[in-house]
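User: Please take a close look at one strand of this model and its pairing partners, and then set that part in the context of the other sheets, the nonpolar core and the ligand surroundings.

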Amino acid sequence: MKTRAAVAFEAKKPLEIVELDLEGPKAGEVLVEIMATGICHTDAYTLDGLDSEGIFPSILGHEGCGIVREVGAGVTSVAPDDHVIPLYTPECRQCKSCLSQKTNLCTAIRATQGKGVMPDGTSRFSYKGQQIFHYMGCSTFSNFTVLPEIALAKIRTDAPCDTSCYIGCGVTTGVGAVVHTAKVEPGATVIVFGLGGIGLNVIQGAKFAGAARIVGVDINPDREEWGRKFGMTDFVNPKDVGDIVQHLVAMTDGGGDYTFDCTGNTVVMRQALESAHRGWGESIVIGVAEAGKEIATRPFQLVTGRVWKGTAFGGARGRTDVPKIVDWYMNGLIQIDPMITHRLTLDEINKGFDLMHAGESIRSVVVY
Ligand code: NAD
Ligand code: AHE
Ligand code: ZN
């Protein structure tokens, strides 16, 4: 069949909207009509050539919501007309990682996913006979896409796709980092670095978890108003203070019980670790750093009890947890609608990247 898609032909070039050929689903695969997709900073990072796994030409996008249109042989957990959210972190429930119950990082198809192909080693997309690669196993910047069954969370049909798509990455990552990874407890002090599409979800997750103090840190002063909308109690612009770590430690009586990096900047990751409380503070790395970057701190920071950890997809097991997060949204426990600042057509998708780089959007969503 044919599908319209925004193709990343080369790094650092705008996406091109073209009509592609899409092969139907093979055994264990599902054809999904994507109804809407968010644009996450990770898409920009890959497009900008900063992803060590970046492959071109490819169809980016990993924050979608859609409807099943066809299933391949042997597919049992979803059927045509089901509403689904694609999962860049699948959940096979059979691999060592899934069975361990210690991680959400299912390993069933990670190797082929990172190479831009389906589990059988081939791509379903082509353009003028040339293979086009998948991205993060999702490729939601295509109106139709094919995914393995284990990479689909079936969700309730009354959840609107043009908002629920954000649960495909940003919402689950931010809220999940708080509830699954950090396990923030009521009364805790939380410090969030970077108040964009992920950081604001950490803030609302921290409020949901009952944190008493939620400090937001961002170099964009416009983000103060945004943070306060979702439960931030204090805001610090690093440009307005001297040493940001000393400032945060002083204002929180020793540092945060939990700190989160939502910037992808390795200097900020160190600041986040060092502004965690001596003896017990945990710092969670969410941001994705560009290829070649490394993190550093004095080992003394860890010797004196701080814990450095990271999280992917908020520690969520997609097929199990994503439908629950959709329920939280539909039941008003978490907000999504106010964070969707821009709705675009597929033809306008490059504007979504421009808005993100200019700090003018929280989330842009492409509605097909
Ligand atoms: P975004 O562009 O919407 O937000 C980033 C925010 O960080 C902006 O508000 C920006 O002003 C702020 N910022 C930049 N430099 C800063 C600094 N030095 N100090 C303080 N604030 C600073 O991006 P996003 O969509 O929220 O994504 C944030 C990061 O999370 C990216 O690196 C993205 O790749 C990553 N991410 C990781 C996961 C995961 O599973 N681990 C999932 C989604 C996104
Ligand atoms: N490909 C990069 C790593 C990118 C990365 O860390 N991705 C996150 C999700 S970001 C979503 O916006 C993730 O899930 N990581 C776990 C995994 O298995 O990819 C690189 O450095 O090579
Ligand atoms: Zn993302």
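Analyst: What follows begins with one strand and then moves outward to the core, the sheets and the ligands.

This is a predicted model, in which local features need pLDDT of at least 70 and side-chain atom pairs count only at pLDDT 80 or more, while totals for chains, interfaces and linings use all residues. Residues are numbered from 1 along each chain as its sequence is written, and chains are lettered from A and ligands numbered from 1 in the order in which they are written.

The part chosen is strand S3, residues 29-38. Helices (H or I, at least four residues) and strands (E, at least two) are DSSP runs, numbered from the N terminus. S3 is mostly covered, since 9 of its 10 residues are buried; a residue is buried if 20 or more other C-beta atoms lie within 10 Å of its own, exposed if 12 or fewer, and partly exposed in between, with C-beta atoms placed from the backbone.

S3 pairs with several strands, where two strands pair if DSSP finds at least two bridges between them. With strand S4 (residues 63-71) the pairing is antiparallel over 8 bridges, and within it Val 32 has Val 68 of S4 as its bridge partner. Strand S8 (residues 144-148) is also antiparallel to S3, over 5 bridges, and here Glu 29 stands opposite Pro 148. Strand S17 (residues 363-367) joins S3 in the antiparallel sense over 3 bridges, with Thr 37 bridged to Val 366.

S3 also matters for the account of the interior. The largest nonpolar core has 103 residues, of which Val 192, Val 202, Ala 206 and Phe 260 touch the most other members; such a core is a set of buried Ala, Val, Leu, Ile, Met, Phe, Trp, Tyr and Cys residues joined through C-beta atoms within 7 Å. S3 gives the most to this core, with 6 residues. The core draws at least three residues from each of domain 1 (2-168 + 336-367) and domain 2 (174-311), the bounds coming from an automatic or database domain assignment. In soluble globular proteins, nonpolar side chains tend to be buried together.

Two open sheets can be set beside this picture. In one, 4 strands lie in the order S1-S2-S6-S7 with antiparallel pairing, and its edge strands, each pairing on one side only, are S1 (2-7) and S7 (130-132). Neighbouring strands of this sheet are turned by 50° against each other on average, direction ignored; axes are lines fitted to C-alpha atoms, for helices over the stretch in contact, and angles run from 0 to 180 degrees between N-to-C directions. S1 and S2 (residues 16-22) are antiparallel over 6 bridges, with Arg 4 partnered by Glu 19 and Thr 3 opposite Leu 20. On S2 there are also 2 bridges to S6 (residues 125-127), again antiparallel, and there Asp 21 has Ser 126 as its bridge partner.

The other open sheet has 6 strands in the order S12-S11-S10-S13-S14-S15, with parallel pairing. Its edge strands are S12 (234-236) and S15 (307-310), each of which pairs on one side only, and the twist averages 20° from one strand to the next. S11 (residues 213-217) and S12 run parallel over 3 bridges, where Val 215 stands opposite Asp 234.

The ligand surroundings complete the view. Ligand 1 is surrounded by 33 residues, the closest being His 41, Gly 194, Gly 196, Ile 198 and Gly 264; a residue is near a molecule or strand if its C-beta atom, placed from the backbone, lies within 6 Å of it. Helix H1 (41-47) and helix H5 (170-182) each supply at least two residues of this shell, and the largest share, 3 residues, comes from H1. The shell around ligand 1 draws at least three residues from each of domain 1 and domain 2, and by class it has 16 nonpolar, 15 polar and 2 charged residues. Here Ala, Val, Leu, Ile, Met, Phe, Trp, Tyr, Cys and Pro count as nonpolar, Asp, Glu, Lys and Arg as charged, and the others, Gly among them, as polar. Around ligand 2 the shell divides into 6 nonpolar, 3 polar and 3 charged residues, among them Cys 40, Asp 51, Arg 110 and Phe 313.
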